[in-house]
Amino acid sequence: MKASVIIGYYKKINYLELILQGLALQTFNEFEVIIAEDNNDPATKTFIESYQKKVSFPLKVVQQEDKGFRKNRILNEAIRQSAGEVLIFFDGDCIPHKECIKEHYINTTEKGILSGRRVMLSPSITNRLLVDKTFTSLSYFKLLLSGSKHIEESIYLPYSWIPKKKKRGLLGCNFSILKKALVEINGFDEDYEKAGVGEDSDIEWRLLKSGYSIVPIKFKAIVYHLHHDSNYQESDVQYNTVIMNRKIKEGLIFCINGLNRHA
């Protein structure tokens, strides 16, 4: 298996169905999909079992009891069960462009963290997608008139060169890296049990400190972020930031509470 797509997921099966539709349309097809559910909803397992018959790629779900925000823990379990050399991470509210998996895979480098971007869909476009279950409303011109944000991120330019003048951090909803890189730093740090910087920002600083660098793939790896209310508060971000700053000061690149707990 060349790549494993890991989707951090919590409820909203109607969103997940759209994501799987997007994955079924990929031009690159040598990947598996692992749904990492921070919950153990039987409905999710039933849905995945029925959807397995509709797609050509291997599809499975890993679950855990819902005891609050433990996304990093279930992501680590998904990493443990993954078979791909390259790991591609999406969130359960992001539909991939049909070339997204291909671009993540072909642009993989030995020491690179591939960072894609996202289009922030408006409520009206999101509702239309959920009703129609087709992607015709994701055309650039329809997005332009929809009230969606960052629509410039929807332009696919496979041969474009992206200047590295502006440094942009990785987005946990759209990034990829060699699996061995995450093994080297012991995966995601499970000490973070609130939403916010504990996922992408923490993994970013530890990888950078380990000698990896962010490779922007703007206009190549595109995802469309479905609209929903914020699922975290500013106080969560501040709480996690205090934890992360302490860990940075201590230089804990190889986190203590991480992937090795799932061996």
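**View 1. Contacts of N76 in a predicted model.** N76 touches G187, F188, E190, G258, L259 and H262, leaving out residues up to four places away in sequence. The model shown here, as in every view below, is predicted. N76 lies in helix α3, which covers residues 71–81. Its relative accessibility is 0%, so N76 counts as buried. One of its partners, F188, also belongs to a nonpolar core of 22 residues.

**View 2. Helix α3 and what packs against it.** Helix α3 is mostly covered. Eight of its 11 residues are buried. They are K71, N72, I74, L75, N76, E77, A78 and I79. Charged side chains are on this list, including K71 and E77. Strands β1, β2 (31–37), β3 and β4 (86–91) pack against the buried residues, and so does helix α7.

**View 3. R70, just ahead of α3.** R70 is found in the loop between β3 (59–63) and α3. Is R70 buried or exposed? With a relative accessibility of 14%, R70 falls under the 20% cut-off and therefore counts as buried. Its contacts are D38, Q64, E65 and E193, residues up to four places away in sequence not counted. H225 lies 155 residues from R70 along the chain. The C-alpha atoms of R70 and H225 are separated by 21 Å.

**View 4. The largest nonpolar core.** This core holds 48 residues. Which of them touch the most other members? They are L20, L23, V33 and I35. Helix α1 (residues 13–24) gives the core its largest share, six residues. Apart from this core lies another, of 22 residues. Among its members are F89, F175, A181 and F188.

**View 5. Contacts of L20.** L20 is one of the residues that touch the most other members of the largest nonpolar core. Beyond residues up to four places away in sequence, L20 touches V33, I35, F47, I48, Y51, F57 and L59. Two of these partners, V33 and I35, are named alongside L20 for touching the most other core members.

**View 6. Helix α8 under cover.** Helix α8 spans residues 200–209 and is mostly covered. Seven of its 10 residues are buried. These are D200, D202, I203, E204, W205, R206 and L207. What covers them? The cover includes strands β6 (112–115), β8 (174–178) and β9 (213–216). It also includes helices α7 (179–184) and α9 (234–250). After α8 comes G211. The phi of G211 is positive, near 100°.

**View 7. Two positive phi values outside glycine.** Most residues other than glycine have a negative phi. K11 has a positive phi, near 60°. K11 sits in the loop between β1 (3–9) and α1. With a relative accessible area of 42%, K11 is partly exposed. F219 also has a positive phi, near 70°. F219 sits in the loop between β9 and β10 (222–225). At 18% relative accessibility, F219 counts as buried.

**View 8. T126 in helix α5.** T126 has its place in helix α5, residues 123–132. Its relative accessibility is 2%, so T126 counts as buried. Neighbours within four places in sequence aside, T126 is in contact with Y15, L121, L226 and H227.

**View 9. The whole chain, for orientation.** The chain has nine helices and 10 strands. Its radius of gyration is 17 Å, close to the 18 Å that the globule rule gives for 263 residues, so the chain is as compact as a globular protein of that length. Along its principal axes, the C-alpha trace spans about 50 × 45 × 40 Å. Of the 263 residues, 54% count as buried. Among contacts with a separation of 6 or more, 84% come from residues 24 or more positions apart. The chain exposes about 12,500 Å². Carbon and sulfur atoms supply 52% of that area. The side chains include 37 positive and 32 negative ones. The centres of these two sets lie 4 Å apart.

Note on methods
Residues numbered from 1 in each chain as written. Predicted model: local features only at pLDDT ≥ 70, side-chain atom pairs only at ≥ 80, totals over all residues. Heavy atoms only, no water. Helix = DSSP H or I, 4+ residues; strand = E, 2+ residues; numbered from the N terminus. Rg over C-alpha atoms; globule rule 2.2 N^0.38 Å. Buried < 20%, exposed > 50% of the residue type's maximum accessible area, 1.4 Å probe, protein only. Contact = heavy atoms within 4.5 Å. Areas by Shrake-Rupley, 256 points an atom, 1.4 Å probe, with all protein chains shown as cover. Lys, Arg positive; Asp, Glu negative; His and termini not counted. Charge placed at Lys NZ, Arg CZ, Asp CG, Glu CD. Core = buried A, V, L, I, M, F, W, Y, C linked by side-chain atoms within 4.5 Å.
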